[in-house]
Amino acid sequence: MEFKKRILCIGAGYVGGPTMAVIALKCPEYRIDVVDINQDRINAWNSDDLPIFEPGLFEIVKERRGKNLFFSTDTEENITKADIIFVSVNTPTKTFGEGAGMASDLQYWEATAHQIVKHAQSDKIIVEKSTLPVRTAEAMERILKMHSGNIKFEVVSNPEFLAEGTAISDLLEADRVLIGAHDTEEGNRASQEIADIYRHWLPEEKIITTNLWSSELSKLIANAFLAQRISSINSISALCEKTDADISEIAHAIGSDSRIGSKFLQTSVGFGGSCFKKDILNLVYISKSYGLYEVADYWESVVTMNEYQKSRFVRKIIKEMFNTVAGKKITLFGFAFKANTGDTRESPAIDITKSLLDENVRVTIHDPEAIENAKIDLKGIEKNITYETDPYRAAANSNAIIITTEWEQFKDLDYSKIYDSMEKPAFIFDGRNILDHRKLFSIGFNVYPIGKQQLTHFS
Ligand code: NAD
Ligand code: UGA
C-alpha cells in the first residue's frame with residue numbers, strides 16, 4: 001500500500017510506543033515506524049507480551065501492527081525514508097561530570113541527531129517528543145546544520161503529557177497538544193504539519209501552538225506544577241497528624257474552590273515515576289545556570305519535601321512498631337510508582353524497602369504488575385526479600401502491611417482473612433489512604449493512614 005506520509009519515532013519506550021500506536025490507529029494513511037537500539041524491547045513490541053503494561057495498549061498495537069505500525073531496530077533505513085522524525089529517547093538525570101544529579105543527560109538525544117544527519121537524504125521535520133531543557137532545539141539545530149549540506153531540517157517541539165497507567169485515554173482525549181516552532185515560514189509550515197496529525201482526532205481548540213522555547217519550557221513547568229501540588233498536600237499531611245485535622249477533608253474543602261481545583265491533591269507516601277524529580281531538578285539546574293538562585297531554591301523544595309515525606313513514613317513505621325523491627329516480616333502491597341503500571345522508576349517503594357532492609361526487616365513484596373521490575377531494582381540486596389504474586393500468601397505471618405501503591409484490587413481483599421493469618425499485634429500503614437480504616441480497626445488492625453488520626457488498640 002502507498003502511504004501518504006512516513007513517520008519515524010526513535011525510542012520505543014513508555015512514550016514512543018503508546019504515542020505512535022495511537023497515531024497509527026487514528027491516521028491509517030500514514031506509515032509509522034518505531035525503532036529502538038534495544039533488540040529485546042523491539043522483540044517484545046512484536047510479540048503478544050508488550051514491554052510495557054498500559055491499559056488498552058495491546059488492543060491498539062494488535063489492530064495496527066503489520067498494517068501501518070512497524071517496530072524494528074532498523075534506524076538507518078527508516079531515517080532515510082521518513083518525512084517526520086519524532087525523537088522519544090530517554091533523557092535521564094546526569095550521573096557524572098558538570099551538573100551531575102541535576103542536569104539532563106542529553107547523550108541519547110545527541111546521538112540521534114548525529115544518526116539523523118548521517119542517514120538523511122531529503123528534507124525532514126524533527127520533532128522533540130522527549131522532555132528537554134529549554135533551548136535544546138538550538139543545540140539540535142547546530143548539529144543538524146553543521147553537516148546537512150542541501151538538506152533542510154526543521155526542529156519542532158511537541159512534548160508529551162500522557163501519564164502512565166492512563167496513557168491511551170490521555171492520548172485519545174488529550175486536554176491539549178502543544179506544538180512549538182520557530183516563527184518563520186518554514187517553522188509555521190512544520191508546526192501545521194504536526195498539527196495535521198493530531199487533527200485526525202482532536203478538535204482545533206485543543207491544539208496549542210507557541211514558539212519553540214515556550215513549548216520546551218512548558219513541559220518542565222507542567223510537571224513542576226503537578227509535583228508541587230503533591231508536595232504541598234503532603235506537607236500538610238504531617239501537620240494534620242499533629243493536630244487531628246483530616247487531610248482528605250482538607251483536600252475536599254480546598255479542592256472545591258474552582259480556583260484551586262480537586263486534582264493532584266491526593267496525599268501519598270511521596271510521588272515517584274521517572275519524570276517529576278528528574279524534570280524539577282533539571283528546572284533547578286537551568287535556573288541556577290541563569291543565576292536565578294531564589295527560583296532554583298523554590299522548586300528544589302518540592303523535591304526536598306518529597307524526600308521528607310518518604311523518610312517520615314518509614315520513621316513512623318519503625319516508631320509505631322515499638323522501635324524494634326529487626327527480624328520482623330513486613331509486607332508491601334504495591335511496588336509500582338502508581339497504579340495500573342508495572343513501572344517502578346523512582347517508586348517510593350524502593351526507598352521504603354531499602355530503609356526497612358537497613359533495619360534488618362524481612363520484606364515481602366506483592367504487586368500485580370511490577371514484581372519483575374522490583375527484582376531488577378533490588379538486585380544485589382535481595383537476601384531478606386521475598387516476592388509473592390498472591391496477596392494472601394504475601395500477608396501471612398507478617399507483622400505489618402504497608403500500602404505503597406493505590407491498586408484498586410487492594411481495596412477488595414478479605415482483610416479479616418488477612419488479619420487472622422498475621423502476627424499480632426497486626427499493623428497496617430496505608431501510604432495511599434485507599435482502605436476503609438474504620439473497618440480495618442474493627443477487625444483488629446492498628447491502622448496508620450497518612451494525614452489522619454491513627455486508629456490503634458493500644459491504651
Ligand atoms: P524509556 O526509557 O521508556 O524509552 C526510551 C527508549 O529510547 C529506550 O527504549 C531506549 O533504548 C531508546 N533509545 C535511546 N537511545 C536511542 C537511539 N539512539 N536510537 C534508538 N533508540 C534509542 O523512556 P520514556 O519513559 O519513554 O521517556 C522518553 C522521554 O519522554 C523522556 O524524555 C521522558 O522524560 C519523556 N516523557 C516520559 C513520560 C512517561 O510517562 N514515561 C511522559 C511524558 C514524557
Ligand atoms: C506525570 C504527569 O502527570 C504527566 O502529565 C507527564 O507527561 C509525565 O509525568 C511525564 O512527563 O513523565 P506520571 O509520572 O506517569 O505522569 O504519573 P502521575 O499520575 O503524574 O503520578 C506521578 C506520581 O505522583 C505517582 O507516584 C503518583 O502516585 C503520585 N501522585 C499523583 C500523588 O501522590 N498524589 C496525587 O494526587 C497524584
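Which residues does Ile 280 touch, not counting residues up to four places away in sequence? In this predicted model, the answer is Ala 224, Ala 227, Trp 299, Val 302 and Val 303. Let's start from there and work outwards.

## Two nonpolar cores

Ile 280 belongs to the largest nonpolar core, which has 69 residues. It is among the residues with the most contacts inside that core, a group that also takes in Val 284, Ala 400, Ile 402, Phe 427 and Ile 428. Both domain 2 (221-306) and domain 3 (309-448) give residues to this core, so it lies between them.

There is also a second, separate core, with 57 residues. Val 61, Ala 82, Phe 153 and Ile 207 are included in this one. As a bit of background, nonpolar side chains tend to be buried together in soluble globular proteins.

## How the chain is divided

The domain assignment splits the chain into domain 1 (5-202), domain 2 (221-306) and domain 3 (309-448). Measuring between C-alpha centres, domain 1 and domain 3 sit 37 Å apart. They still make contact, with 6 residues from domain 1 and 7 residues from domain 3 taking part. On the domain 1 side of that contact, the classes come out as 4 nonpolar, 1 polar and 1 charged.

## Helix 6 and its two sides

Now for helix 6, which covers residues 136-147. Which of its residues are buried? They are Thr 136, Ala 137, Met 140 and Leu 144. Looking down the helix axis, these buried residues fall within an arc of 95 degrees, so they line one face of helix 6. Turn to the other side and you find Glu 138, Arg 142 and Met 146, which are exposed.

What do the buried residues of helix 6 pack against? Their partners are helix 5 (107-119), strand 5 (124-128), strand 6 (153-157) and helix 9. After helix 6 comes Gly 149, with a positive phi near 60 degrees.

## Around ligand 1

The shell around ligand 1 has 27 residues, and those that come nearest are Gly 11, Gly 13, Tyr 14, Ser 130 and Thr 131. Sorted by class, the shell holds 11 nonpolar, 12 polar and 4 charged residues. Helix 5 gives the largest share, 3 residues. Helix 5 is also one of the elements that the buried residues of helix 6 pack against.

## Around ligand 2

Ligand 2 has 20 residues around it, and Gln 266, Ser 268, Phe 271, Gly 273 and Cys 275 come nearest. This shell divides into 11 nonpolar, 6 polar and 3 charged residues.

Where do the shell residues of ligand 2 come from? Domain 1 (5-202) and domain 2 (221-306) each supply at least three. Among helices and strands, the largest share is 3 residues, from helix 9 (residues 212-243). Helix 9 has already come up as a packing partner for the buried residues of helix 6.

## A look at Ala 395

One last stop is Ala 395, in helix 15 (residues 391-395). Is Ala 395 buried or exposed? It has 25 C-beta neighbours inside 10 Å, so it counts as buried.

Setting aside neighbours within four places in sequence, Ala 395 is in contact with Thr 331, Ile 401, Ile 418, Ser 421 and Met 422. As for Lys 417, it is 22 residues from Ala 395 in sequence, and their C-alpha atoms are 9.8 Å apart in space.

Definitions and conventions:
Residues numbered from 1 in each chain as written. Chains lettered and ligands numbered in written order. Predicted model: local features only at pLDDT ≥ 70, side-chain atom pairs only at ≥ 80, totals over all residues. Domains from an automatic or database assignment. Contact = placed C-beta atoms within 7 Å. Nonpolar A, V, L, I, M, F, W, Y, C, P; charged D, E, K, R; others polar. Near = placed C-beta within 6 Å. Helix = DSSP H or I, 4+ residues; strand = E, 2+ residues; numbered from the N terminus. Buried ≥ 20, exposed ≤ 12 C-beta atoms within 10 Å, placed from the backbone. Arc of directions from axis to C-beta. Core = buried A, V, L, I, M, F, W, Y, C linked by C-beta atoms within 7 Å.
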